[in-house]
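Got the structure open in your viewer? Here is a short tour of what to select and what to look for at each stop.

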Amino acid sequence: MYRSHVLVCGGTGCTSSGSQEIINTLQAEIDKNGLSEEVSIVQTGCHGLCALGPIMIIYPEASFYSMVKVEDIEEIVKEHLLKGRIVKRLLYNETVTDEGSVLSLNETAFYKKQNRIALRNCGVINPENIDEYIATRGYEALGKVLTEMSPDDVIKCILDSGLRGRGGGGFPTGRKWQLAKDLVKGGQKYVCCNADEGDPGAFMDRSVLEGDPHVVFEAMAIAGYAIGADQGYIYVRAEYPIAVDRLKIALAQAREYGLLGKNIFGTDFCFDIELRLGAGAFVCGEETALMTSIEGNRGEPRPRPPFPAEQGLFQKPTILNNVETYANVPQIILNGAQWFASMGTEKSKGTKVFALGGKINNTGLVEIPMGTTLRTVIDEIGGGIPNGKKFKAAQTGGPSGGCIPAEHFDIEIDYDNLISIGSMMGSGGLIVMDEDNCMVDIAKFFLEFTVDESCGKCTPCRIGTKRMLEILDKITKGQGTLADIDKLEELCYYIKENSLCGLGQTAPNPVLSTLRYFKDEYLAHVVDKKCPAGVCKSLLSYNIDPAKCKGCTLCARVCPNGAISGTVKEPHVISQELCVKCGACMEKCKFGAISKK
Amino acid sequence: MGSQNQTVPFKGTNEQEVALKNVIAEHKDEKGALMPILQKAQDIYGYLPIEVQTMISDEMNIPLEKIYGITTFYSQFSLNPKGKHKISVCLGTACYVKGSGDIFSKFSEKLGIENGGCTPDGKFSLDACRCIGACGLAPVLTVDDEVYGRLTVDDVDDILAKYA
């Protein structure tokens with residue numbers, strides 16, 4: 001027994017901010033002070049508040065130390081762990097009131113409105129120790145399913161809960177399982193987990209894998225029992241090395257405990273899981289492409305039907321769900337379908353994890369009930385936009401999604417509402433953009449992504465997206481015409497209707513939604529040849545304000561093209577013909593005399 | 001996913017070849033074994049030159065064109081050796097809206113290489129990478145396995161100096 005537990009986040013975010021060094025220093029300090037018998041260090045998964053990493057929580061007080069530095073460790077150990085005095089100066093400032101009392105984490109704006117189901121164990125348990133998962137009712141749902149429920153009971157429970165696929169499509173999970181069970185009776189079937197989280201800016205699946213890997217195994221085994229499969233595959237991105245390591249450790253432990261393998265819980269049910277690593281192809285997040293890739297081929301999608309429930313991996317009936325979907329399953333089994341269905345909106349039940357990123361104060365992972373408004377997510381939980389800038393749009397759904405403008409700031413987030421305004425839930429990336437982001441540039445950014453990641457199998461996607469990118473490139477260079485905008489829109493609809501897989505069908509969405517809500521920015525690029533946000537280089541001009549320029553000559557010296565002239569102590573001038581718009585002068589000017597328009 | 005031409009002569013050792021053959025023997029009978037074998041082969045050689053692909057083709061009795069089709073499809077497979085230090089600038093959305101595009105350009109300009117290129121002295125290679133999931137620290141980049149976060153273009157010189 002330890003009198004105190006120090007939880008240090010070992011997720012990718014905090015590891016990148018140096019949490020491993022914190023753990024090493026902490027252990028050394030604890031040893032030095034003779035506390036190693038009394039205080040235990042637990043390396044956990046992600047707490048969600050990545051912007052404040054490295055994060056350290058000391059229990060039983062639940063003191064939340066943020067942005068911990070190696071230099072602070074000695075003080076924390078001596079004061080807090082040795083003398084029992086919380087070092088308020090180093091706590092997350094939101095947990096300390098003006099009067100100096102310490103609040104619990106759940107009372108802070110970031111956590112108050114969250115409801116953590118999929119992320120339940122993330123940041124709480126040590127993911128490398130199966131006993132900690134079991135201690136939080138881990139594998140209890142699998143035991144219940146195997147000993148008390150029939151496969152039909154399991155499917156009914158998932159159906160009744162209203163759980164829909166969290167990978168983006170939103171297909172009812174129970175329905176998918178039912179099809180895989182009933183379409184083909186008996187024979188070899190497979191359960192797959194899509195952990196190829198390719199949406200840029202979404203990292204909830206990674207956090208679950210890093211912070212609570214067993215929940216995925218447990219849910220996959222439950223799915224295996226429901227549809228009659230004995231083999232599972234997890235297809236995980238190779239870009240997530242920590243997640244891959246934790247999965248390997250967890251897999252070995254689950255097998256050792258007999259929770260995977262033969263005759264689980266003494267029943268006839270056998271189930272094992274194999275890990276497969278992706279190799280960096282976004283299209284492999286599409287279900288048929290993912291299966292083609294596991295089979296050892298180029299990850300190209302195949303036409304549906306036949307649907308995977310009938311002919312999937314190795315031509316056998318297969319279900320594929322994403323990590324976050326699985327993370328909900330054991331809780332639904334334990335707490336009942338009604339419990340889950342009581343949260344969320346009419347057609348979208350439960351919670352959804354979002355990765356808040358971009359121009360927002362509290363970047364990190366949040367899990368909110370479906371139906372929470374965008375305003376709550378950005379202003380309250382996310383802490384608003386930094387530097388007093390104005391909100392312009394929130395982007396959801398990655399390269400398949402769209403932008404939500406300020407006029408829809410009060411929209412209740414669920415699958416159907418987002419689609420109705422031209423965006424989509426996607427896997428849950430939520431990137432906030434402010435007045436300094438150019439929406440044409442953002443559309444171009446996503447098209448560059450799609451062009452690069454198009455597998456090339458079908459023509460509309462391979463060639464169509466390329467043509468779209470060329471038009472966008474023309475527009476951002478100031479060479480676009482009004483006819484280009486029309487052609488762009490026409491192409492969008494053509495590609496949407498004719499592409500083979502979801503990647504191509506949704507590739508035009510970023511353009512369509514920016515055209516819908518930010519047409520004025522397109523027009524500014526085309527008609528006025530201006531980029532209102534000051535992003536598109538070809539349309540910018542740098543100018544020196546003679547009233548502010550002191551003639552220090554610094555700008556003239558850093559200009560790589562000799563475009564700035566003037567005499568010492570006299571205002572300088574930029575030659576627009578010679579300027580290459582690199583911005584070096586503006587960066588160096590100490591008097592703020594140079595501006596871009 | 002563009003085409004890649006091989007520019008550096010292949011210098012594989014006997015030990016590497018033995019290691020590769022062991023990997024193939026170990027996985028050969030698994031379903032869909034080709035991807036894991038290619039990944040391990042890249043771990044052994046650092047990249048997948050046509051010579052290595054030919055060896056895998058011969059050992060596994062799979063046509064070389066199928067293997068080449070796969071190695072050129074996935075962005076993690078490289079047909080050219082990487083630099084001693086691999087710089088990967090994240091161009092995921094969260095990093096991009098916070099200016100990682102400018103950071104990438106600065107590296108490209110400083111090193112005189114494009115995306116996927118390697119400096120002539122073999123010291124640095126530069127890649128624009130997909131989201132590494134450290135969006136809380138945007139914009140981020142990695143040099144080998146070291147992650148650098150909350151960057152501005154002014155940090156580029158310091159980072160390069162660390163590895164010079």
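## Stop 1: a hairpin in chain A

Start by selecting strands β11 (residues 391-396) and β12 (residues 402-405) of chain A: they run antiparallel and are joined by four bridges. Strands, like helices, are DSSP runs numbered from the N terminus, with E and at least two residues for a strand, and H or I and at least four residues for a helix. Two strands pair if DSSP finds at least two bridges between them. Now pick T396(A), and you'll find G402(A) of β12(A) opposite. β11(A) and β12(A) form a hairpin with five residues between them. In that turn, click on G397(A), which has a positive phi of about 80°.

A word on what's on your screen: this is a predicted model, where local features need pLDDT of at least 70 and side-chain atom pairs count only at pLDDT 80 or more, while totals for chains, interfaces and linings use all residues. Residues are numbered from 1 along each chain as its sequence is written, and chains are lettered from A and ligands numbered from 1 in the order in which they are written.

## Stop 2: zoom out to chain A

Show the whole of chain A. It has 24 helices and 17 strands. Its radius of gyration (taken over C-alpha atoms) is 27 Å, close to the 25 Å that the globule rule gives for 597 residues, so chain A is as compact as a globular protein of that length. That rule is 2.2 Å times the number of residues to the power 0.38. Along its principal axes, the C-alpha trace of chain A spans about 85 × 65 × 40 Å.

Try colouring by domain: domain 1 (4-112), domain 2 (137-340), domain 3 (351-434), domain 4 (439-526) and domain 5 (541-596) of chain A. The bounds come from an automatic or database domain assignment. Between the centres of domain 4 and domain 5 of chain A, taken over C-alpha atoms, there are 36 Å.

How much of chain A counts as buried? The figure is 54% of its 597 residues. Buried here is a matter of counting: 20 or more other C-beta atoms within 10 Å of a residue's own, with 12 or fewer making it exposed, anything in between partly exposed, and the C-beta atoms placed from the backbone.

## Stop 3: a covered strand

Select β5 (residues 190-195) of chain A. Six of its six residues are buried, so the strand is largely enclosed by the rest of the structure. Turn it around and check both faces: Y190(A), C192(A) and N194(A) are buried on one side, and V191(A), C193(A) and A195(A) on the other.

Next, add the neighbours. β5(A) pairs in the parallel sense with β8 (residues 318-322) of chain A over five bridges, and C193(A) stands opposite N321(A) there. β5(A) also pairs in the parallel sense with β6 (residues 231-236) of chain A, over six bridges. In β6(A), look for Y233(A), the bridge partner of C192(A).

## Stop 4: two helices

Move to α13 (residues 323-335) of chain A. Of its 13 residues, 11 are buried, so this helix is largely enclosed by the rest of the structure. Among them are Y326(A), N328(A) and P330(A). Just after α13(A) comes G336(A), with a positive phi near 95°.

Then select α8 (residues 173-182) of chain A, which is mostly covered, with seven of its 10 residues buried. W177(A) is one of these, and so are K176(A) and K181(A). What covers the buried residues of α8(A) includes α7 (151-161), α10 (213-227), β8 and α13 of chain A.

## Stop 5: chain B and where it touches chain A

Bring chain B into view. Its mean pLDDT (the predictor's confidence in each residue, from 0 to 100) is 89, and 95% of its residues reach 70 or more. It is assigned domain 1 (14-73) and domain 2 (85-163), with 30 Å between their centres, taken over C-alpha atoms.

Now for the interface: 32 residues of chain B are in contact with 42 residues of chain A. Contact means C-beta atoms, placed from the backbone, within 7 Å. On the chain B side, α2 (34-45), α4 (64-73) and α5 (93-97) each supply at least two residues. α5(B) gives the largest share, four residues. The predictor gives the complex an ipTM of 0.87 and a pTM of 0.92.

Terms used
Contact = placed C-beta atoms within 7 Å.
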